[in-house]
Amino acid sequence: MNLGIFDRRFKGSDPLPVMVVSMATIDSLIKVPRGLDLLIVGGGLAGLAAARVAAARGADWLLFEGSDTLGGRVGTDLVPDSETGEPFVIDRGFQVLLTSYPELEESGVLSSLPLGRFEPGANVRVTTRSKTRFHRALDVWRRPMSALTFDWRHVFSPGEAMALMRMRRDARNGNIESTRTTRDELVARGFSERALARFFVPFWGGVLLDRELAAPWSFTARLFDAFSRGDAAIPIGGMRALPAALATGLDPDRIVLRTKVQSVGQNHVILDTGARLVSGRVLVATDGDEASRLLPESIPTTRWRATTSCYYASQGPLPAPLDQRLLILDGDGLGPLHHLAPLSSLGPGFAPEGRGLVVASHDGVADPALEPALGAELRAWFPDTTWTLIAVRAIARGLPVIEREPTDFALPMPGLAVAGDHIADRSIDGALRSGRLAAQALFT
Ligand SMILES: Cc1cc2nc3c(=O)[nH]c(=O)nc-3n(C[C@H](O)[C@H](O)[C@H](O)COP(=O)(O)OP(=O)(O)OC[C@H]3O[C@@H](n4cnc5c(N)ncnc54)[C@H](O)[C@@H]3O)c2cc1C
């Protein structure tokens, strides 16, 4: 029986988390259908977190992943430089982990990940009276000396600076009971359209992939709190290092790649090969689209937030202020380039020696045809640098729209759980927590 088994074995040192299940293992499962303890559908972060719970319990588990790699929406490609063949590290859409995410602590993988960390804050690009400047806006609580040099006037009024302080305190104290959208909450807290356009829309629009800031404030405030407690970071070598770290230590013979689950029931799954596997517990850890296809009665359909990320290399090192470990926000809001991240400034390993790498993003739309306009704006911002397009990643299914109160996981029927960011918080932390708690619930 062809189960679509991938023929590479995962090693801790392997940059790609790919694995093999021996044909003998699968054959024995199918020919002698014993009851497995847990079947996991999907090898994204939620599925991996669930597998770690099962492995820690010494359970008999299997994970099926439809694609050829683990990590789901957290993925990285190595794109060779056309001249030298040296790789650029290209994530599948710009994303960061926050070192304060409780689940990264819980999983214990954070300490094993060499990280490129952003400075807390941003460089805000603002044009006033036809003069364009980058205003370095660091988190003054964590970088107090920066208060002396940041010219707040171009981004926040003195009253708004105070409101920002109060908002930070409230988020840290968990005082986030508001039922407003993020935009409405910011307006209610006294922020002007100017402050929204210059800071909140490019920053939170980038985090939420939504420049309308329609996400509930309760969610954004939790992220704000996480930003205030830790660093935004990308593992050296790209975001795929996170799923690779989560998979380290898992028995590779229990992870089957390139094998899509066609349907699920209370105590079984049916693979796209037609094979039927029996288990006392089933955990659906797919994206929202697949979860509602597999369980249409229980899981509503997902609407998605999209984004387009274009990666450019500089000939030589990055120009100032891209040489700082700071995100650049477009405070003017006139062009397609919403924010720009200087990846190669985070540390060595993102770009070949002597080259710089940035990712220019446009949130809300997934369309590779945006590239020429994004490239033109980057070249207008930094006309003295020679830029080369390295890759375009148009991500239509970035983050699920929040339409219901997030919950950690769902249990549509006894022994069958659903986990993932379509149900829990729309974040790395939410997906990990959801997978972990769903697996724990199935075992209790
Ligand atoms: C562009 C972008 C930017 C982001 N930015 C951030 C950020 O900065 N910070 C942050 O915290 N989060 C960010 N996120 C969100 C974060 O990446 C996700 O919340 C998280 O990865 C979701 O994990 P998951 O396991 O729930 O789902 P997924 O990653 O979607 O994993 C589901 C897995 O199930 C597999 N699958 C689906 N159907 C089947 C089937 N029938 N059979 C077998 N396998 C199946 C899929 O192939 C996939 O591997 C971003 C996401 C994107 C795309």
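**Exercise 1.** In this predicted model, how many bridges join strand β2 to β10, and which way do the two strands run?

*Solution.*
- Start with β2, residues 61–64. Two bridges join β2 to β10.
- The two strands run parallel.
- Now look for a residue pair. Phe64 stands opposite Val256 in β10.

**Exercise 2.** Place this pair in its sheet: give the strand order and find the edge strands.

*Solution.*
- The order is β10-β2-β1-β14-β21-β20. The sheet is open, has six strands and shows mixed pairing.
- β10 (255–256) and β20 (410–413) each pair on one side only, so these are the edge strands.

**Exercise 3.** Find which strands helices α2 and α11 touch.

*Solution.*
- Take α2, residues 45–56. This helix packs on the sheet and touches β1 (38–41), β2 and β14 (282–284). The direction of α2 makes about 170° with that of β2.
- Take α11, residues 428–443. This helix also packs on the sheet, touching β1, β14, β20 and β21 (416–418). Its direction makes about 160° with that of β14.

**Exercise 4.** Describe the second largest pocket: its volume and its lining.

*Solution.*
- The volume is about 400 Å³.
- The lining has 21 residues; Pro102, Arg222, Leu223, Asp425 and Asp429 lie nearest the centre.
- α7 (217–229) and α11 each supply at least two lining residues. α7 gives the most, with six.
- By class, count eight nonpolar, five polar and eight charged residues.

**Exercise 5.** Which residues have pLDDT under 50 throughout?

*Solution.*
- Begin with the chain: mean pLDDT is 91, and 92% of residues reach 70 or more.
- Residues 1–25 stay under 50.
- Where pLDDT is low, predicted coordinates should not be read in detail.

Key: Residues numbered from 1 in each chain as written. Predicted model: local features only at pLDDT ≥ 70, side-chain atom pairs only at ≥ 80, totals over all residues. Heavy atoms only, no water. Helix = DSSP H or I, 4+ residues; strand = E, 2+ residues; numbered from the N terminus. Contact = heavy atoms within 4.5 Å. Axes fitted to C-alpha atoms, helices over the stretch in contact; angles between N-to-C directions. pLDDT = per-residue confidence, 0-100. 1 Å grid on protein atoms, 1.4 Å probe; cavity = no way out; pocket = protein on both sides within 12 Å on 5 of 7 lines; lining within 4 Å. Points joined across faces, edges and corners; volume = space filled by probe spheres on them. Nonpolar A, V, L, I, M, F, W, Y, C, P; charged D, E, K, R; others polar.
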